[in-house]
Amino acid sequence: MQVTLAGHLFSFLPERALYKHDESLLVIADVHLGKASHFRKHGISIPATSQAEDYTKLRKLLDKTKPEKVYFLGDLFHSSLNSDWHAFAALVESYPGLCFTLIKGNHDIIDYKFFDKLCIDVSDKALTEGPFIYSHEPLQPTGNDKLNIAGHIHPGILLRGMGKQSLRLPCFHLSGNTLLLPAFGTLTGLYMMDMDQHNKVYAVLPGEVKKLN
Amino acid sequence: MKAGHTIAQDWFRSKDWQPHEFQEKCWDAIGKGYSGLLNAPTGYGKTYALWFGILQDYLNKKKQPPGLHCLWITPLRALSKEILNATQRVSADLGANYTIGMRTGDTSVKERTQQKKNMPHALITTPESVHLLLAQKGYESMFKNLQFVVVDEWHELLGNKRGVLIELALSRLKAINPKLKVWGISATIGNLEEAKDILLGSDDVKQTLVRAKIEKKIVVETFLPDVIEKYPWAGHLGITMLPKVLDVIHKSSSTLIFTNTRSQCEIWYQRLLQEDPSLAGIIALHHGSLSEEIRQWVENALHNGTLKAVVCTSSLDLGVDFRPVDTVIQIGSAKGVARFMQRAGRSGHQPGATSTIHFLPTHSLEIIEGSALRHAIKHNEIEQRIPYIRSFDVLIQYLVTLAISEGFFPDKIYEEVIKTHCYSSITREEFNWCLDFITQGGKMLDAYDEFHKVVIENGLYKVTSRRVAMRHRLGIGVIVSDSMLQVKFLGGTRLGLVEEYFVSRLKPGDVFSFAGRMVEFVRIKEMTVYVRKSTKSKGYSVSWQGGRMPLSSQLSKTIRYKLDEYYNKGHRDIELQKLERLFDEQQRRSHLPHKTELLIEKVKTREGYHVFIYPFEGRNVHEGLSALFAYRIAQVHPMSFSLAFNDYGFELLSDQEIPIEEALGNDLLDNLNLADDIQKSVNISEMAKRKFRDIASIAGLVFTGYPGKQVKTRHVQANSQLFFSVFEEHEKDNLLLRQAYDEVFTFQMEQMRMYEALERMQHQNVIIQYLEQLSPFCFPILTERFRDKLSNEKLEDRIEKMIKQLEQ
């Protein structure tokens, strides 16, 4: 669904990503690549098919939106360098015209040299561009009237229905000057957010994003 | 043979005792070279019934071979100690040169080395320690002259994997000495003959079953509330009757109060003290998560008669008799007849004495259980113990055990293990799979050296790595404990164990009650929780996870029978008289089902549309049935359900009208495709994953850590779960994976019972009641907090409905 934020047109994509139309910018948070390999490295043998889905999802999304640049809002890789890097490198190299930027998160401990080789910009700090600040962790307080677009939290929302029905869905969560993006990765959990008159919640459904309040 | 009687009879005469008939029968049978099973209650000299036969066998021999003559296996260290004292006394009294030693997890290294050099004639030990002996070099010569194996409390071991350890050990010992005689001692269970056959094996040996015809008199008294509420909710009633409990405590010299969970135990201890502070110092608590020191102290104090009451859990079900205990109280449903009788038997030990047990129902419907238990005890309707079969995890552990000590040749061991009940149905291919598993890590783990534990040298399977051997020894046994953290005072005194997940919610300064005191959480360091004393009177209650026991089939059958007595206007038990008002109310608002009827209630509330069904089959079966019914109903029309259940019935709740009438006409109760429908309805794989955790640990797939340096279980769990997913995805026929599913079907879903329940329900008259008000029966189910879910509606549709509701 399309939303105008600070005068700019954005799309909340059901692939759990944000698209900024005027710049053709795709923003993705918390991919957590290599999480399965990370487990494997600690003595556990796991063929990670679930992880493969993330790459397919990512490729599909890039092919569909055809962005000019991509921002990863941190936690791109779950931990240290492992075999997953090759899969990631292959993906990046198959989109030669695309500018990738990683805004570092708490899990990103891979040396920037590796990113350098793939021509991925790495930013240790939040990125301020016009009325927007892109960061991994939400900034507190935002300090000015700029809109902070952040990841890290893995926001989710709990829906309740008759007959004790309940569902947990990932969501985009806009509260004050902070917009939280849902985590992109499959192997990630959800942190349940509040929904009230002070915030706006956009639930990610299969195939669409829906405003809840 | 008469010589055999002489020693025993001399000794009995010297004590001025008269042997029981069953004792003489046993001496006689042992003298004639029989193996057998003795069925006798505790407190009547069952130990001596076997011991003198064994002793006589030794003394009768002209040439007495050196080395181990008898192995006496008990399930508990505490029992080992008691047997040791009793038997040593006999040797001393008779001046017999027959030495007795003990070998358990507590035995010091020094003592063990001594035993290795110079074995006593008899060794009292545990199933795990026997396997540790099998892991020692030279075990074959140690057991060469072994004549007798006695398995004490066989009924306790039979229903779990420790029984499998016994079966395996016996298969080896019998191969070393084909003339080995095996004796078991068992309390009364529903399948005593089967228990005998499993223990003694299918070999062509002389076998006998000796039953002591001694009826221990058990009196059941139910605490009855003064007023019966119409809406029985769980847990509520118990505490309101606390003054009555205090009354009984004060009238008795020493009371054991059994609770069903560790948290309930802690809570009752606190509440009793609050209600009557004069009990301070003479009341204690005892459960499996308290430190060994505390438990030891409580047990000693019980022996010495210095305690007025002890609140405990199943931790005191078994074990040595506490002579001063004259009263037993059971709080809440005992869930089974055998367990209730066992607990009752913890009082009144003097031969001929009556055991009195007071039953305290925790909600009003539970009152009927008092009456049902009395009936079941009177008619000797006691549960069966279902033995484990095809436990590949234990087999794998056993094979590595043998590979550590002497090594083994597969052909020989295969012949031995298929003679056991547990493995009688395994094929050579399956056995070979196990061999592959310990040598190569099976199909999936071939690439990982750490799973190549066993190597083959000239056909002999053996372990050559010291590290593998050491790790394996630490892991021998089948009891997998939950991940626990030590709780210690800052000064170092150990209090006991709590689960990781409980501590993870605590902040420094938080107060919780544990081991009967209020303590303040200070910090957590290296798997130890440090606390200090607190003066606050309120705090968190520690909770432990762990499945809730379902009502046994015996007890549920008796409850159905007792319900029917409502219609019988003749003599009625006091419990049923008390329940009359509640049943009248049930009858008025709905219906009280006859034995021949299946009651279904339908009601609409603010929450949605409810259907309640009452098979009275125990919560496990109800969990399965609720999912099965929900699944079958949703086949006609897509629906979402929330499911709740207790021991008496279950509930289907939905946001739309549930077409139960239509479903009943559509083979809802059919047994056809049962296994298939269960597979589809219940999240079996989630349940199997939990079972797999223990299996992986027993099979040595995951390592739980060196002593004192425990691997956090969360890690173990992650490990075993990941293994589970790998096998699930790539090696569907993995035997350990299949075993996890089999265990879920047999023990968790109780598939047989579910099948029988459906069979029974098909022949019952279905009574559907449309309620205007909630009935006394449905209320406790409605308030159950733990719920399952099942849905086959499209996600979009469900979200749509929920969003609509948001907008209202």
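**Figure 1. Domain division of chain B in the predicted model.** Five domains are assigned to chain B. Domain 1 covers 2–211 and domain 2 covers 218–378. Domain 3 is made of two segments, 392–479 and 685–747, whereas domain 4 is the single segment 484–541. Domain 5 again joins two segments, 590–682 and 749–800. Between domain 2 of chain B and domain 5 of chain B, the C-alpha centres are 34 Å apart.

**Figure 2. The largest nonpolar core.** This core holds 196 residues. Those touching the most other members are Leu38(B), Ile257(B) and Val310(B). Helix α17 of chain B, residues 392–405, supplies the largest share of the core, with 10 residues.

**Figure 3. Surroundings of Val310(B).** Leaving aside residues up to four places away in sequence, Val310(B) touches Leu256(B) and Ile257(B), then Ala284(B), Leu285(B) and His286(B), and also Val298(B) and Leu302(B). Another core, of 45 residues, lies apart from the one containing Val310(B). Its members include Phe10(A), Phe115(A), Ile149(A) and Cys171(A).

**Figure 4. Secondary structure and packing of chain A.** Chain A contains 4 helices and 16 strands. Its length is 213 residues, of which 40% are buried. Taking contacts in chain A between residues at least 6 apart in sequence, 63% link residues at least 24 apart.

**Figure 5. Confidence along chain A, with residues 42–48 in view.** The mean pLDDT of chain A is 85, and 87% of its residues score 70 or more. Residues 42–48 of chain A have pLDDT below 50. In the model this stretch makes 19 contacts beyond near neighbours in sequence.

Notes. Residues numbered from 1 in each chain as written. Chains lettered and ligands numbered in written order. Predicted model: local features only at pLDDT ≥ 70, side-chain atom pairs only at ≥ 80, totals over all residues. Helix = DSSP H or I, 4+ residues; strand = E, 2+ residues; numbered from the N terminus. Buried ≥ 20, exposed ≤ 12 C-beta atoms within 10 Å, placed from the backbone. Contact = placed C-beta atoms within 7 Å. Core = buried A, V, L, I, M, F, W, Y, C linked by C-beta atoms within 7 Å. Domains from an automatic or database assignment. pLDDT = per-residue confidence, 0-100.
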